[in-house]
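The following exercises practise the reading of a protein model. Each task is followed by a solution that proceeds step by step.

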Amino acid sequence: MQTNRHFRNILELNLAMLFVSTSGALGRYIDMPVPVIICFRALFAGILLYIFCRWKGISFKTSSKDRPMIILSGILMGLHWVTYFYSLKLSNVAIGMLSIFTYPVITALLEPVLLKTRFQKVHLLLALLVLIGIYFLVPDLDFSNSYTKAVGLGILSALCYSLRNIITKTKASTYNGSVLMWYQLVVVSAFLLPFLFIMNSSGIKDQWISTLVLALLTTAIGHTLFIASFKRFSITTASIISSVQPVYGIIIGMIFLGEIPVLSTIIGGVLILTSVVIESVRTYK
């Protein structure tokens with residue numbers, strides 16, 4: 001019974017990563033200014049999650065002492081998405097997705113400090129394995145072109161994402177994951193709404209289907225499943241297991257955008273998948 005439950009938890013987390021990984025290809029495909037894309041993404045996903053929570057009878061009530069941290073997690077989520085999508089626009093799916101996957105390393109270093117959890121050396125070793133995998137995936141990174149900015153924005157995005165996950169982890173046992181995600185979407189929408197009027201948002205008429213997929217599959221379902229996993233795994237464990245995401249993303253980019261990976265990309269993907277398997281087995285034991 002325990003084995004079946006653990007397998008289901010691992011499967012759900014990997015399914016969440018598969019859904020979230022569609023952001024790379026969609027971020028490259030949707031042709032609108034980044035703040036406009038993220039605003040529509042947050043608005044659409046927020047509406048869908050609100051309907052879902054009402055249908056399930058989930059309470060939206062929050063404690064006044066928790067609201068500042070929930071708002072902060074929403075701001076960090078917005079910054080993560082905006083910097084990540086700019087990174088995608090400046091490079092490609094592989095560079096954009098892989099540069100943000102410094103976040104498991106950042107998480108492994110920050111979680112013991114911020115959440116007062118026990119420091120585990122094995123997490124640094126697994127994070128190092130992920131970084132070596134990323135090195136193989138992008139071995140010829142040229143810092144004289146736009147890829148430099150892409151990687152810099154990706155690392156900033158990773159920091160925001162790591163902090164958002166740590167904050168959300170502290171609230172995941174108190175509130176439903178869908179509700180936490182909904183509040184974060186409300187914050188993102190509120191901050192980015194002015195950009196719909198400042199920048200050209202007319203592209204939504206032709207790209208509403210792909211934007212809706214980004215909102216429903218990637219955001220409402222994928223990120224909610226990821227938040228739900230915080231109840232069953234430590235934030236560092238969830239982060240390291242989620243390192244499979246760029247592998248999924250590159251495969252999706254290869255199928256839909258024709259971005260064919262080279263041998264070094266395959267080697268890097270194998271290294272990342274190895275760290276995922278090791279951490280999955282280790283958490284079970």
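## Exercise 1: Overall form

Of the 285 residues in the protein, 53% are buried, where buried means under 20% relative accessible area, exposed means over 50%, and partly exposed lies in between (1.4 Å probe, protein chains only). This is a predicted model, in which local features need pLDDT of at least 70 and side-chain atom pairs count only at pLDDT 80 or more, whereas totals for chains, interfaces and linings use all residues. Residues are numbered from 1 along each chain as its sequence is written, and side-chain values use heavy atoms, with hydrogens and water left out.

**Task.** State how many helices and strands the protein has, and determine which radius of gyration a compact globule with 285 residues would have.

**Solution.**
1. There are 14 helices and 0 strands; both are DSSP runs numbered from the N terminus, helices being H or I with at least four residues and strands E with at least two.
2. The globule rule is 2.2 Å times the number of residues to the power 0.38, and the radius is taken over C-alpha atoms.
3. For 285 residues the rule gives a value near 19 Å, and the protein, at 18 Å, agrees with it.
4. The C-alpha trace spans about 45 × 45 × 35 Å along its principal axes.
5. Of the contacts between residues at least 6 apart in sequence, 90% join residues at least 24 apart, a contact being heavy atoms within 4.5 Å.

## Exercise 2: The nonpolar core

**Task.** Identify which residues touch the most other members of the largest nonpolar core.

**Solution.**
1. A nonpolar core is a set of buried Ala, Val, Leu, Ile, Met, Phe, Trp, Tyr and Cys residues joined through side-chain atoms within 4.5 Å.
2. The largest such core has 71 residues, and Ile38, Phe85, Leu98 and Phe226 touch the most other members.
3. Helix α3 (residues 34-56) supplies the largest share of this core, 10 residues.
4. Beyond its neighbours within four places in sequence, isoleucine 38 contacts Trp81, Val82, Phe85, Val188 and Leu192.

## Exercise 3: Aromatic rings

**Task.** Explain why the pair of tyrosine 103 and tyrosine 161 ties together separate parts of the sequence.

**Solution.**
1. Rings of Phe, Tyr and Trp (its six-membered ring) pair if their centres lie within 6.5 Å; planes under 30 degrees apart are stacked, over 60 edge-to-face, and the rest tilted.
2. The structure holds 10 aromatic pairs. In one of them, tyrosine 103 and tyrosine 161 meet edge-to-face, 4.8 Å centre to centre with 70° between the planes.
3. Tyrosine 103 belongs to helix α6 (residues 103-114) and tyrosine 161 to helix α8 (residues 146-171), so the pair joins parts 58 residues apart in sequence.
4. Both tyrosine 103 and tyrosine 161 are buried.
5. Tryptophan 182 and tyrosine 183 also form an edge-to-face pair, at 5.0 Å and 70°. Tryptophan 182 is buried at 18% relative accessible area, while tyrosine 183, at 21%, is partly exposed.
6. Ring pairs join these two residues with Tyr50 and Phe60 in a cluster.

## Exercise 4: A helix and a lysine

**Task.** Check the span of helix α13, and decide whether lysine 171 is buried or exposed.

**Solution.**
1. The expected span of a helix is 1.5 Å times one less than its number of residues.
2. Helix α13 (residues 245-257) has 13 residues and should therefore span 18 Å; its end C-alpha atoms are 17 Å apart, which agrees.
3. Glycine 258, with a positive phi near 70°, follows α13.
4. Lysine 171 is part of helix α8 and counts as buried, because its relative accessibility is 14%.
5. Not counting residues up to four places away in sequence, lysine 171 touches Asp66, Met69 and Leu180.
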